[in-house]
Each structure stands twice: as C-alpha cells, then as structure tokens.
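Please work through the exercises below with the sequence and the model at hand. Each task is followed by a worked solution.

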Amino acid sequence: MTETDNPLAELLDLIGQPGAALDVRVNGRPLPVQYDVGFNGILLLLVVRELGTRRGGSVPVRLNYHVAKFAHFLCTRPALLSDFLDWRSDDALRPLDGWRAFPHGYMAHSAFDATLRFYSTAGLLAREGSNIVAEPSAASVPGGALARIDSLSLFSQQLVALRALKKPRVTQKSLGVA
C-alpha cells in the first residue's frame with residue numbers, strides 16, 4: 001500500500017509537518033470542538049490508549065464501547081468533567097445513576113460513533129461485540145501522531161481527565177449498561 005492509498009496516514013503526515021498552520025475561516029458560526037473530526041479522532045485514540053486493557057505482545061488492546069463513549073463524552077465537556085470528578089471524590093464507588101448531572105443522553109452523541117466508523121474503515125480500530133479493539137500497532141498511529149502529541153504536551157487537559165477516570169475505573173455496571 002502506498003502512502004496515497006492510505007488517506008489517514010497522508011492526513012496525519014500532513015498535519016505533522018513542521019510549519020503546518022491552522023487556517024481559520026470565519027464564514028459563519030464555527031462548530032463546537034465536540035464536532036471537530038481531528039479532535040475527535042485523536043481523542044478516541046487517547047481514550048483507547050489510556051483506558052484500554054493491554055495483555056502484552058501481539059494481543060489487541062480492548063476497551064468496553066460504553067466506557068469509551070462515556071470517557072470521550074466527558075473529555076469534550078470540561079465543565080461536566082469537573083462536576084463528575086467533584087461528585088466522584090466524595091464516594092468513588094457509588095453508581096453513576098446517583099450523579100445529579102449524569103448525562104443520560106451521552107449514548108445519542110454521534111461524533112464518537114462516526115469517528116469509530118472512520119477508524120474502523122482505516123483499519124486502526126474495530127468493534128467486536130461490546131468492545132473496541134485496537135491492534136498493538138495502532139498505538140503507533142501512522143505519522144506518529146500520538147508520540148507527537150505526547151512530546152508537545154498537547155491534549156494535556158484531556159489526558160489528565162482520562163487518567164482520573166482510571167481509579168476507580170468507570171465500568172459498564174456503573175454506567176447501567178451491564
């Protein structure tokens with residue numbers, strides 16, 4: 001496969017070029033960041049990398065779809081995330097249905113599903129039953145995008161949030177989908 005046969009690799013390589021510049025168009029109202037394809041794409045990969053279960057070697061990384069979608073939803077909404085972390089600090093083991101701001105509509109948010117379909121088509125992620133599966137090679141995403149994000153300390157707010165969701169872990173049961 002040549003580089004031009006892989007649009008994701010080509011896009012990531014282009015974005016990662018030194019001197020790449022953001023072109024902002026002000027012809028109308030911009031969409032919120034929750035609907036930005038690039039932001040959602042990188043965030044989904046970070047969610048899988050940070051929260052997924054690794055078993056080592058060539059075994060794929062796995063993460064429950066509902067947990068991933070909830071984590072992705074929270075990371076795109078800093079105020080909601082802050083409220084969640086404050087609520088959780090009181091009693092980290094209580095079920096999420098007791099959280100007054102629990103976003104029951106998070107399952108209807110389509111940006112996550114569209115991003116997952118895009119990455120499935122590109123061969124980086126797959127949906128197997130109730131899990132999202134990433135081959136170990138997906139951690140090195142074409143163009144080294146995640147390595148560049150780490151080296152430049154980008155997405156630091158979202159990474160702090162994802163790491164806060166690790167202990168104790170948000171589970172299918174706590175989300176009410178088990």
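The exercises concern a predicted model and treat a helix pair, a buried helix face and a hairpin in turn.

**Exercise 1.** Determine how helix H2 and helix H5 are oriented to each other, and which residues meet.

*Solution.* Begin with the geometry: H2 (residues 37-51) and H5 (residues 110-122) pack at an angle of about 80 degrees, and their axes lie 9 Å apart. Angles of 65 to 115 degrees count as roughly perpendicular, so H2 is roughly perpendicular to H5. Next, identify the residues: Asn-40, Gly-41, Ile-42, Leu-44 and Leu-45 of H2 meet Ala-111, Phe-112, Thr-115, Leu-116 and Tyr-119 of H5. Finally, sort them by class: the contact comprises seven nonpolar and three polar residues, with no charged ones.

**Exercise 2.** Establish which residues of helix H7 are buried and where they lie around its axis.

*Solution.* Within H7 (residues 156-164), the buried residues are Gln-158, Leu-159, Ala-161 and Leu-162. They span an arc of only 160 degrees around the axis, and therefore lie on the same side of H7. Consider Gln-158 in particular: its relative accessible area is 11%. Buried means under 20%, so Gln-158 qualifies as buried. Beyond its neighbours within four places in sequence, Gln-158 is in contact with Phe-39, Leu-43 and Cys-75.

**Exercise 3.** Describe how strands E2 and E3 are joined.

*Solution.* First, note the direction: E2 (residues 125-128) and E3 (residues 131-134) run antiparallel and are joined by four bridges. As one pairing, Ala-126 has Val-133 in E3 as its bridge partner. Then examine the connection: the two strands form a hairpin with two residues between them. Gly-129, in the turn, has a positive phi of about 65 degrees.

Notes
Residues are numbered from 1 along each chain as its sequence is written. This is a predicted model: local features need pLDDT of at least 70, side-chain atom pairs count only at pLDDT 80 or more; totals for chains, interfaces and linings use all residues. Side-chain values use heavy atoms; hydrogens and water are left out. Two strands pair if DSSP finds at least two bridges between them. Axes are lines fitted to C-alpha atoms, for helices over the stretch in contact, and angles run from 0 to 180 degrees between N-to-C directions. Angles under 35 degrees count as roughly parallel, over 145 as roughly antiparallel, 65 to 115 as roughly perpendicular and the rest as oblique. Contact means heavy atoms within 4.5 Å. Ala, Val, Leu, Ile, Met, Phe, Trp, Tyr, Cys and Pro count as nonpolar, Asp, Glu, Lys and Arg as charged, and the others, Gly among them, as polar. Buried means under 20% relative accessible area, exposed over 50%, partly exposed in between (1.4 Å probe, protein chains only). The arc is that of the directions from the helix axis to the C-beta atoms.
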